[in-house]
Amino acid sequence: LDQLVGLAMLVVASVVFLYYTIWTLLMPFVDEDHPLQSLFLPRVWAIRIPVILILLGSAVVGSFLSVVMIRSNRKKALKAKA
């Protein structure tokens, strides 16, 4: 099961990488009225999506660290009282 999950993650990451690479590096050289353009979002989203993901990831990591630090301080305070 672990190998299957790992393979699925590798395939998804490869597809996303290939799609993003084609979208950002090759599609600017294709005419706007070409049918391939309909497969991709507008180019402004090539910047917005990674920025949103970075902000969300930073918020999740920051929240996790805050929770860990708060719990650690509570344990230290309980030990000091005892």
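**Exercise 1. State how much surface the protein exposes and which atoms supply most of it.**

Solution. The protein exposes about 7,400 Å², of which carbon and sulfur atoms supply 75%. Accessible areas follow the Shrake-Rupley method with a 1.4 Å probe; for residues, only the protein chains shown count as cover. The model is predicted: local features need pLDDT of at least 70 and side-chain atom pairs pLDDT 80 or more, while totals for chains, interfaces and linings use all residues. Residues are numbered from 1 along each chain as its sequence is written, and side-chain values use heavy atoms, without hydrogens and water.

**Exercise 2. Describe the fold and its overall extent.**

Solution. First, the secondary structure comes to two helices and zero strands (DSSP runs numbered from the N terminus: helices H or I of at least four residues, strands E of at least two). Next, the radius of gyration is 22 Å, well over the 12 Å that the globule rule gives for 82 residues, so the protein is more spread out than a compact globule. This radius is taken over C-alpha atoms, and the rule is 2.2 Å times the number of residues to the power 0.38. Finally, along the principal axes the C-alpha atoms fill a box of roughly 75 × 35 × 15 Å.

**Exercise 3. Relate the annotated transmembrane regions to the model.**

Solution. The unreviewed UniProt entry places "transmembrane region" at residues 7-26 and 46-70; such annotations may be inferred rather than shown by experiment. Residues 7-26 are 100% helix, with end C-alpha atoms 27 Å apart. Residues 46-70 are also 100% helix, and their end C-alpha atoms lie 37 Å apart. Leu7 belongs to helix H1 (residues 2-26).
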